[in-house]
Amino acid sequence: MKNAFKKGDIKTHQFKVEEADLATFNGEVLHAVCSTYKLGQEMEWSSRLFMLDIIDEDEEGVGTMLHIEHKSPAFTGETVTLTATYDSFESGELICSITVVSGDRLVATGKTGQRLLKKNRLKELFTK
């Protein structure tokens, strides 16, 4: 493990909302806006960008927490920008605050957690 980050450091990335990202259940589009599921996936990725710089080759991060608060919709075709802010890394757990925007509009806020574990330990945990 190598951690050169401090509270307040940021990582950003973007994605474009596609038809496949809409709020859909059982093949039916319920709302023609970006789904909570997709936001969660992208929020986890934004904080994983920190973890990728922290882990050694024999380590991996595993999600421990995801919290999302919707503020406004993100529509098909819009580019969404996610900013992960490094909050802490204590007892092997990375905590980030996440902000999601589309242009000047706040789409969502939230938090993620990822625990750093040795790959062999994860294999033990995930084997029946």
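Helices (H or I, at least four residues) and strands (E, at least two) are DSSP runs, numbered from the N terminus. Keep that in mind as you colour the chain by secondary structure: from the N terminus on, the elements go β-β-β-α-β-β-β-β-α, which adds up to two helices and seven strands.

Before you click further, a word on what is loaded. This is a predicted model, where local features need pLDDT of at least 70, side-chain atom pairs count only at pLDDT 80 or more, and totals for chains, interfaces and linings use all residues. Residues are numbered from 1 along each chain as its sequence is written, and side-chain values use heavy atoms, with hydrogens and water left out.

**Zoom out: the whole chain**

Show the C-alpha trace: along its principal axes it spans about 40 × 40 × 20 Å. Switch on a surface and you have about 7,500 Å² exposed, 53% of it supplied by carbon and sulfur atoms; these areas come from the Shrake-Rupley method with a 1.4 Å probe, and for residues only the protein chains shown count as cover. Of the 128 residues, 39% are buried (buried is under 20% relative accessible area, exposed over 50%, partly exposed in between, with a 1.4 Å probe and protein chains only).

Now try contacts (heavy atoms within 4.5 Å). Among those with a separation of 6 or more, 68% join residues 24 or more positions apart.

Next, select the charged side chains, with Lys and Arg as positive, Asp and Glu as negative, and His and the chain ends not counted. You should get 16 positive and 20 negative ones, and the centres of the two sets lie 4 Å apart. Each charge is placed at NZ of Lys, CZ of Arg, CG of Asp or CD of Glu.

**Select Cys 34 and Cys 96**

How many disulfides does a search of the whole structure find? Zero, with a disulfide taken as a pair of cysteine sulfur atoms within 2.5 Å. Cys 34 is in none, and the nearest cysteine sulfur, that of Cys 96, is 19 Å away. Cys 34 is buried at 6% relative accessible area, and Cys 96 is buried too, at 0%.

**Select Asn 26, then Ser 91**

Go to the loop between β2 (22-25) and β3 (28-34), where you'll find Asn 26. Asn 26 isn't a glycine, yet its phi is positive, about 50°. The residue is exposed, with 84% relative accessibility.

Last stop: the loop between β5 (79-90) and β6 (93-102), home of Ser 91. Ser 91 also has a positive phi of about 50° without being a glycine. Is Ser 91 buried or exposed? Exposed, with a relative accessible area of 71%.
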